[in-house]
Structures are given as structure tokens and as C-alpha cells.
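Here is a short note for a colleague who is new to this model. Please read it with the structure open.

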Amino acid sequence: MHRAADKPETTDSILQAAAANMPPTVLATTPAPKHPRLARVLRFNITYAQKGTVVVTTSDKNTTVQRPELTVFATRANDGVQCILRLRDNWIYTPVAPNHVCNLVSTAPYPTDDPGDFGNDGVYRPLGGAPMGDMLSLDVHEYVIDASPASALLVLQPDCLVTGTRVAESVFCKRRGVLNERLRGPTDYSAPALLYGSMLHELFEIALAAGTFTAEFITQQVARVLSQFIEELYGVGDDEKAATVKLCDSIPAIQEWAQRFYKSEPGGAESDVPYNDAPGNAQINHTHRVAISAVVDIEENLVSPAYGLKGKVDATLEVVTESALTTRHIVPFELKTGKASGTSAISHSTQVTLYTLLMSDRYEKNITSGLLYYLKSGTMQGITHTAADLRGIMIARNELAVHLSGPRFYPEMLKSPRQCKSCFQLDNCMIIHKALEHGNAESAGLDEGVFEAKTQHLNVHEIAYLQHWMELIALETGDDMATRHELWTMSSEARESRGRCLGSMVVVSARPPTACTPVRAAARRQFRQSMSPSLLDTSFNVNDPVMISLNDGSQVGLSTGSVREITPDYLVVVVARQLQARRSRASGLHSSAASYLFAASNPGGTQVSKCIPRLIKPSMLSEPAQNMNAELFRLDKEEMSVGTGLTRDNLASLFVASANARRRALIVELAAPTFDEPSVAVAAVPTDANAAAASNLNVDQLRAIDLVQRCRDYALILGMPGSGKTTTIAELVRRLVAQGLSVLLCAYTHTAVDNILLKMDDTMKGVEFVRLGNSDRVHPKLAHRTAQHAPGAQTVAGIEQLYTQTPVVAATCLGINHPLFTRRRFDVCIIDEASQVTLPVCLGPLRYADRFVLVGDHYQLTPLVRNPTARQKGMAESLFERLSNAHPAAVVYLEHQYRMNRDIMLLSNTLIYQHRLKCGSAAVGAASLDLPRLPELARALSGKRLVDSGTHWLLDAIDPARKVVFLDTDLVPALEVRVGEVLKNDTEASIVQQLMAALLEAGLAPNDVGVISPYRSQLKAIRHLINSVQRGVEMHTVDKYQGRDKECIIVSLVRSNAEKNLGDLLNDWRRVNVAFTRAKKKLIIVGSRSTIEQSPLLASFVELLLVQQWIITLPKGAHSMFEMQPIATPQRNLFYQTVSNPIVLTTPQRLAAAERRRVAESTASPDGPRKRVRRRL
């Protein structure tokens, strides 16, 4: 609730006075209108704050006193009005700063049977204009936030979503809470208690979801739980027998809980639950008899942008309480497998209190209590809270959020030697205190011996290095924080137009679940997108992490997952839990049960906890009408959700006292690597079963293998485009294994890892390897190489044999959070695509190997860094590039390439590689495109020009004899168009579409043609013009085409403007290099010569084109010059199912008209879509 200030001053007066630096004049407050605009949440952008005092009247109204006040000047984001927030009592310590954001959240109860509603602007409007005095008004310009029970809560930096666990654990040490969030290293599997706690949670939740608590049922589930945690058991060194005993010992405790509480109505004294009024308060204030009448959800994801909180509650339950009146309500339920003790009890009850806030926001219900159960002691505790409790918890949350959203500031040291010495973050805490905070033993509050033992090994250069990279990581993650608010402040349509989400998804089918579906089992969802003809044009990639929310943004983060598959029409997402339908507000719980995704599970019933819906866009469907009215969902990319904490931990682990000092010197101080003397016969061919494969290696590849075998620290392999990096790595692994060495094989992406393994699987059958990671993210041909599908790996003994005896282990660079790494080190670590991996990420796998090999090419794409300051300060410099520049002798160049013919290679050689590239064979150098139907196409085009320009530019462009062609569009003309953030060139798109159609009609298969553009919006423009046959052509941005190639590549440069502005993308010479080196036999580049020659790099490119006579100047109107007759040839049946008189090529306008007619005919037919017949326009 907002309140007027004592002796108030109007906002306009104060703001004007502050601007004039003079005391404000007290003016009368403007009365509120008759029908106030009310809101539950208001958002403010803070300008500045100043401390002062305020005169207030005491409760007896006889005296006045001065109290401190923090006056915050801010702009209300809801309507842009300048406002004042007056913070008093313990709110005055809130660490506000300019450019911070804050929310005011009303503590008003939710209306339970009110006909009013919240509009799209978030403003609550009761019917009839009846004001609700405890809501927040938009008709005033200042708000008081104090210790009164009705005061609103202030949420600082709400876009920083803090977990309930972090807030709870920071109650006693805020620094540890920040360290746990910022430095999230690999899971510690040396603590079996944590593992058994997770397994007991799973066992309990399975019984709860199924609604069955018989000893027979739970005992049957023990084996299934063990199978889910088999790798973790290997990590802690336990076996199934010991684990079975421990889990079975807890079955009576689970049954006791069900007998006492899992029933339709409260029972006798056994159902009594003591409630307290404050988190951790030892004094019990009242007792209720409680029954768990229904299970609403299990492991529910809760995200609240209003409170700046997120969490995953163990269970969402419908509870019946019996006191003076019997009532039903929803509560969070938290299970603890240990015993309550001192500080942990306070932390646990704080966590439950935060879940009540999250659930109130999610369900729009007054959820004021929760349940906390300690399985070991059999104690059920009811947790309630007061306004003071919420205020104190929110203040703690705000302090944590400021530290987590700030650049690199950490809370003060706890200075408790007893607690600090036993903290698992002690090493990280000490090196950060010394390096980032310039601390010492005294400021750390520890004995000098302890502090020195942890930090004395750090020299000045190492401290500076750690400071520098921590700053770069903070800059990069800060960019993600700056845009995260768009998830809840921007509409789905606006985000989708900017390529940041896929909106308006609807559930259209589901895979039937079983009664005992694992609580944490992965599920698949299928989506389709309507704004673009193809999902391949979106910013989503396979294995991207995503977050699923309601389309209108009212409920965020219903589930998370990763993209498993993308096609032009749909994508498949593997998610960890069931999607949820909208939680609607209703007066009675039972009357709204249908609004829950999970039907309430009565005792003895079956709870549906997982099912697999397929989601697609309704506008693309001819599905039953009921699907059109289903709930709409939205997919957002979780750009920074994975690996940020791990990268910081990778960096910090390099500097802890127990780290490898030699490795630190190599990376930080660039100490020279050492090598053994060269072998006598570098090119010697082995005589084992794989001799044939080895004999195919060229001299560069043999030198690379020799250098790796001689290195004592590291070796670098620079593989130029098409030079056989994958073949080299596969042979290198084979030879290392033959020497009895173990190998850890990594890359940043799953695709890069799988490419190497597929090569090994095909050509080197004798080399055994295991692929870490979920089989859903692994190439289907390699699924049998994962632990989930490996024979005999269903037991701890089998897993141990697989993980300890298999010589080669493969994983992504972020996949090191795996039990295997707690029990095994490797002789050699090989990282492919190392030039595309940021240094902190690259450090992760190197922690587990004695020496390493980095393979890459920093003349191609570098690590993706979004923040310009971080990029400028060196974050885009990979460890590969840094080491290769420092020690050229450690680098072997793979210079013989087997992809491009001689003309295409000349481009990259001239612009980038200084003529070091060589064709691997004469056949590669002379290769040209095969177009078997080119004569028929030429006859069809003859005389069919719509514009008589005297040229057949289309035939000239696809002529196989012209292996490199630049189509200059200056005379057409083809000018770029910018609409908001979208940049495209429609005329250029038409030219590309005609080229594609002509190549296909001349006999080139669709999968042999590729289209590249730096701009995703240009690819969308091209796809709007193509037919179903041409959709088989792979179209991607430059970044997505890294590592791929095609027989023929068409590059659309897009940029063409009067200012000759080339933009950042085309000024990136590495990106240009990738685009020009994807073609094997023919490269067609479409662009404006007058625009691109303004760039120094591309000016050299134009000079080369002129010398080689590779430029074709397109005439005016070239984009609409030709139409084509059908080609009467049997081969057309390969492309069209109906070939009575098909269209081969036409103008974009006619093609669009044909598509409109087709849609109209399909819609008009009462029997559904007609059989598609292609006809001549």
C-alpha cells in the first residue's frame, strides 16, 4: 500500500528544486480522481537517490520526531511519470544507485471473487470503479515504503532472478550466496549425503505423483531411481546394494508421512501440524490439523519478474486445514531429507516463505503459508510469515541481487574463522578477496597463515590476469541482464519480430503417459512457427537452451529445455517437465481444478505427471478447431543460462593454490612450451589394421601428429578451410591410443564433437570411445556410444568399467560437470574448433589432462562476444589465437585443402592466407559444376526475356566454366531496405531465387546448393519467394555455415545504399573468409560493387575480380527479366509429384499470386485442401 508522506512535498516541486539545487517549496497535494487507476506492480527506473530526514508524528499524535529517509527519484515505467519513492525504517539501507530498476509490489490480498481484471498494461480495474485502497495507484507521484504492515515491498533489480535457495543460504553469509551463484563449478560428488538426498526426493515424489505409498510400490521404484542416478553413484564410489539399503531404510518414513497427512480430510492428533509466525522462530503460535487432499504439481518451475525471484518447489499441494473453520488452499511443500538444526532450519523456512510469494504471483491467489517436512525426524512444520518477515527477506534478496547484477562486487567478508575454514568456497573466496578486492588476512578476518596458504602463490601478473578476465565475463553477462527484462516487458509479437522468440505456440497432441513416469524424465515438444515460412531462418539452433512461457507473458518460465531438432516447418524441444496450462483465479479451488494441467490426484488415484504434447502455430494448421483455442506458449532463447557460473569457476580454478603452476605459467605468462626432439621418420606409415587410412595423410597432417606426440605441454594445429582437420584428429586419436594414452576429446558444440566421432566410427573400428551427454543431444548414429545405451552400463560396475577402461572420452567443453571427472584424469585433451571458444570456457576441459592440443583457425570465426567493450578488451581472442601468436613454433599449419577448386581457393588465398593454401590434388583444383540439363534450360530461356537487354545474364551466371562469379547489382538497382531492426534487400532476394531455380532446373540437386547471407532477415526474404522444391536448398547465416560446404554456394551480401555503409558484419574479414570458402565447385556472390569496394578488404576482393574477369554487371530490371517454360524431361518427376504443366521460374510477383490462389482454393474447398497441381502462370 502506498501512503502520503508526512508533511508531503509534491513530486514536481521536489524534482524542480533538485534540478535548481535549492530547498523545495511545500505545495498542496493534488487530489486523486474519483476512479483511480490501480496496479499490483509498478516498475521504476531510478535516476538518483539522496539521504535525509523527515519529520513524522508519533503514534500518540502528541509529538513529532525526525527519522532518516532515503529519497529516490525515479521514472515510472508504466507511464513515464517522474516519481519519488520515500524509503524509511530498515528500507533506508537499500543499496540503490542510478540506472537501477525497482518494482513496487503491493501487499494487498488477491481478490478471490472479484469481477475486475488486469488489463494488458498490468493495471487492475475493478468493475464499477470501486477503489481498492491497498493497491498501488498510478494517480499519485510519490510513494512511502516503510515498516508498516500495509507498505508495498520494494524489489531492487527485479530482472536479476534470484533463486529462493540463494536467498535462504545468504541469510548468514551473503558472500557465499554470491559465490555459489557466480562460481558454479562441477558438482562435488565427494559428498554422498547430497546424492542420497536427491534420490530420496525422487523416490518420495514418484510416490506422491502416483498417489501410491504401499511398501511394495515404493520398493519397486527404488530400482528405477537407482537407474536414474547410476552415474552419480559411480561418482561417489557407492554401489547399488549399499544404495538400495539406504533408500529402503527410508520407506517407513515416507509411508508414515502418507498415513498422517495424505488423505481427503484431516484425521486425528497425528495430523496436527505446528505453525510458527516467522521463519526459524522457535516459538509455536498455533496448531492445525492438516490433510493433503490433492497434488497440483511436482517440481514446479516458478518465476516471478515482480519479486525478482525464481525457484523449483518440490510439490504444489492442495491442503485441507481444520481449525475454527475447515478451509482448502494451495501451499508449497518442501522436503528435507536431513534433520532440522539451528541455522539450517531458518534457511529452510525462509526458502518456503519465498515459495509462497512465487506461488501467489503464479496462481494469483493468497498463499500465505507452506509446509516443511523433515523426513529423517518425521517432523512436519507449518511456515507462515508476517509483513516484517517479508520485508526482511526482500531486503536480503535486494542486497544479493545488486551484487549479482553488478560488474564484479562481492559482499563483505563474514570474518568468522570457524565458519570460513569449513566453507567449500574458501579457496575461491580468498583469491577473489586478494585479486579483486586487494585484501589481506586482516580484512579477510582469518589467521594470516590460512590466508597466505591460499593466496601467497599469486604474483602480480596472475592477479592482473584474473582481474582482467573476471571483468570481461562480467561485461558479457551484464549485457544479458540488460536485455532480460524484455521477457516480461515486451510483447511476444515484438520479440518475435526481432528474432528473439517464437510465439503463439499451441498444444495439439500428447503422448500418453504412464502412472509411474519419472518425475525428472525428459519430454519432447514439437513446435511450428508462422511469421516465417521456415524455422531454419530463425535464431534458434539445435541444442540451444530455451525457456517456455505463456504467450502473453503473464506466466514466465513454465519449463526449460533444449532444441533437439529443427526443420523448415517445426522444431522439437526436449524439456525436463510437463508444460502447464494457465492458472486461473477462481473463488473455489475445486471449481478451478480443470484449469490445472494435472488433474488432482486423490489418495489411491493415479497422478499424471508427464506427457508429450506437440506444439505448432495454429495459423499453419488444418487441425481440429478445438486446437485453435488452446493455450498459447512462447519459446525464448536462454542465451546465458548455461555455463556462465562454470566459466568463472574454470578461471578461478587456474589460480587456486592446488592448481597446476606450470599450466598457469603457460597460459598467464605465456611460458614457452617444450617438445621432445623430432622423430627420424616423420612420414612413416604404420603397419597395423588402419594403415590404409594412415597412408592417406598428407605431409602437413603427418607433421601435426608428430608435433603432438612430441609435445610436453601443448601443441596447436591450424586447419585452413577444407584441410581435413577431422581426419587429422581422428588419426591422432588412434595413434595416441595405440601408445597406451587416454584422450579427452572436446569441442564447444555437440555437432563438432559428433563429427569427429562419426569419422572415427566409420574408419577406425578398433578405437573404443564413450560419448558423454544426454542421448537426445547426440547424433543418432552415436547413441549406442553413450552410457544410456552402452551394453552392460546399467550397473555401477558396468559404468565404472566403461568410464575407466575406455581410452577415449568425448564431451562438449561445458560437459565437464559429470561424475566421470571426479575419478579420472587424461593424458591428452584435444579441443576442436578451439578458435571459436572463449578462453574461460576452453580452460574447463584442460583441468583434467596433463597436456593438450588445440585445433582451430583464428582466421575464420572467433568466439561469439556480444558486449562491444568486452570484445574490444580482448574477450574475442581465444586461447588458441593467444598461444599461436605468442609461440609460432608450437603451431602446425594444415595447408593442403580438399574442398575448393583453384579459382575459389584463390579468393581466400589472396585475401587471407597469403597464398599458403594448396589444392590437395589436381582433381580438386580442376573441379567444376555438373549441370546435365543446362542445354534444355538454355533453350527454354531463349527468347523468353521479359526485358530486351541483349544479355542472358542468368545463363552466364550459372555457367560451370565460370567457377567464381560476382553479380554487380548497381544498375538493377537493388537497394537495401531497413524496417526497424530488420535489414533486407528484396531485389537481391529475387535475383538469388532466380539463380536457385535455374541451377535446379539445370540438374543440380537441392542439397548441393547453399545460400549464405550475413543477415537472417535476408534469408527470410528469399524464403518468401521460393517453392517447395527450392525449400530443399540449405540457407543459413555465415555463422551457421561454419564447418559446412556445398557444391555451389550463393552469397547474398545485401548492403547497397547511397551512403556506401557496409555495416559491421561485412567489415568482419573472418566472416567474409567463411562465406567465401564454403563452395566446392562454384561460388556466386550477389552484391553492390560500389558499396563493398569502400571496405579495404573487399576493395582488394573487387580488384581480384577485375583481374580475373569474374564480374557480371547486371542490367536494369535484371531481377524481373526472365520467365521460363516447363522443360519436358522425365527427370522432372524427381522434383514434382504432379507435373502436368509445372512452373519452373517466374517473377516473384507471379509466384506470390499463385500461392495466394492456392491458399484460397484450399480454404474454399469443403472437403479440405485440394491436391496440389502446379500450373503455368
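**Notes on the model**

1. Confidence overall. The chain averages a pLDDT of 80 (the predictor's confidence in each residue, from 0 to 100). Of the residues, 77% score at least 70. This is a predicted model: local features need pLDDT of at least 70, side-chain atom pairs count only at pLDDT 80 or more, and totals for chains, interfaces and linings use all residues. Residues are numbered from 1 along each chain as its sequence is written, and side-chain values use heavy atoms, with hydrogens and water left out.

2. Weak stretches. Over residues 1-34 the pLDDT is below 50. Beyond near neighbours in sequence, residues 1-34 have 59 contacts (heavy atoms within 4.5 Å) in the model. Residues 681-694 also stay under 50. For residues 681-694 the model has 18 contacts beyond four places in sequence.

3. Cysteines. The whole structure has zero disulfides (pairs of cysteine sulfur atoms within 2.5 Å). Cysteine 813 is in no disulfide; its nearest cysteine sulfur, that of cysteine 746, is 5.4 Å away. Cysteine 813 is buried (under 20% relative accessible area, 1.4 Å probe, protein chains only), at 0%. Cysteine 83 is also buried, at 0%.

4. A helix pair. Helix H29 (residues 902-913) packs with helix H37 (residues 1069-1076) at an angle of about 165°, their axes 10 Å apart. H29 and H37 are therefore roughly antiparallel (over 145 degrees between N-to-C directions). Residues making the contact include Leu907 and Leu911 of H29 and Trp1069 and Phe1076 of H37.

Terms used:
Buried means under 20% relative accessible area, exposed over 50%, partly exposed in between (1.4 Å probe, protein chains only). Axes are lines fitted to C-alpha atoms, for helices over the stretch in contact, and angles run from 0 to 180 degrees between N-to-C directions. Helices (H or I, at least four residues) and strands (E, at least two) are DSSP runs, numbered from the N terminus. Angles under 35 degrees count as roughly parallel, over 145 as roughly antiparallel, 65 to 115 as roughly perpendicular and the rest as oblique.
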